[in-house]
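Colleague: Would you please take a close look at the sheet in this model and describe it for a first-year student?

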Amino acid sequence: MIKSILHHNRTFVSRKAYEPFVTDKFPEKKLAILTCMDTRLTVLLQEALGLKNGDAKIIKNAGGVIPTETDSAIRSLLVAIYELGVNEVMVVHHSTCGACHMSYKEFKPHMLERGIPESTLAEWEEKGIADWLEGFHDTEASVRKTVAAIVNHPLVPKDVNVRGFIIDSVTGELTEVFE
Ligand code: ZN
């Protein structure tokens, strides 16, 4: 797969197919979006929201969540706010998200099967791997929790507008989740 990507890349550059995407590092709409890495959203999200290249900082992880106050998603949001001029944040979870039902109980046998030693897993269990890999089960509740994690974060300024949504993974329809 990577081989064919490299081949495509040479052609893309030599044909100057990048020209319609040229922009700078500042998000034109002063917007950041925290969302899921789900491949159904790769192009759909931007299209459904009417965003073009350069409009918004899009931060992705499994579920679009902020599991801890030092998580990399919050780090990226702080960079977006303080360095790149972002003043609005959309938290966008989506229907039938894979991160909804995930659980360490299900990861564990796969990890053992793939050669991770039992002793390593025991160490990580001490470190709280079960909570770390636990899904969120209730999508609306998870949106509210993630919005709250941003709004109440001690390093996020109070003038940043943060709103939560769920996007339909098929139609792209956005539904706002209110507090
Ligand atoms: Zn997802």
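Modeller: The following account concerns the sheet and its surroundings. This is a predicted model, in which local features need pLDDT of at least 70 and side-chain atom pairs count only at pLDDT 80 or more, while totals for chains, interfaces and linings use all residues. Residues are numbered from 1 along each chain as its sequence is written, and side-chain values use heavy atoms, with hydrogens and water left out.

The sheet is open and has five strands in the order 2-1-3-4-5, with mixed pairing. Strands (E, at least two residues) and helices (H or I, at least four) are DSSP runs numbered from the N terminus, and two strands pair if DSSP finds at least two bridges between them. At the edges are strand 2 (56–61) and strand 5 (174–177), each of which pairs on one side only. From one strand to the next, the twist averages 25 degrees; axes are lines fitted to C-alpha atoms, for helices over the stretch in contact, and angles run from 0 to 180 degrees between N-to-C directions.

Strand 2 pairs with strand 1 (residues 31–36) in the parallel sense over six bridges. Within this pair, A32 stands opposite K57 of strand 2. Strand 2 also contains N61, which counts as buried because its relative accessibility is 19% (buried means under 20%, exposed over 50%, partly exposed in between; 1.4 Å probe, protein chains only). Not counting residues up to four places away in sequence, N61 touches L34, T35, C36, M37, D71 and A73, contact meaning heavy atoms within 4.5 Å. Helix 3 (residues 72–82) lies across strand 1, strand 2 and strand 3 (88–94), and runs at about 175 degrees to strand 2.
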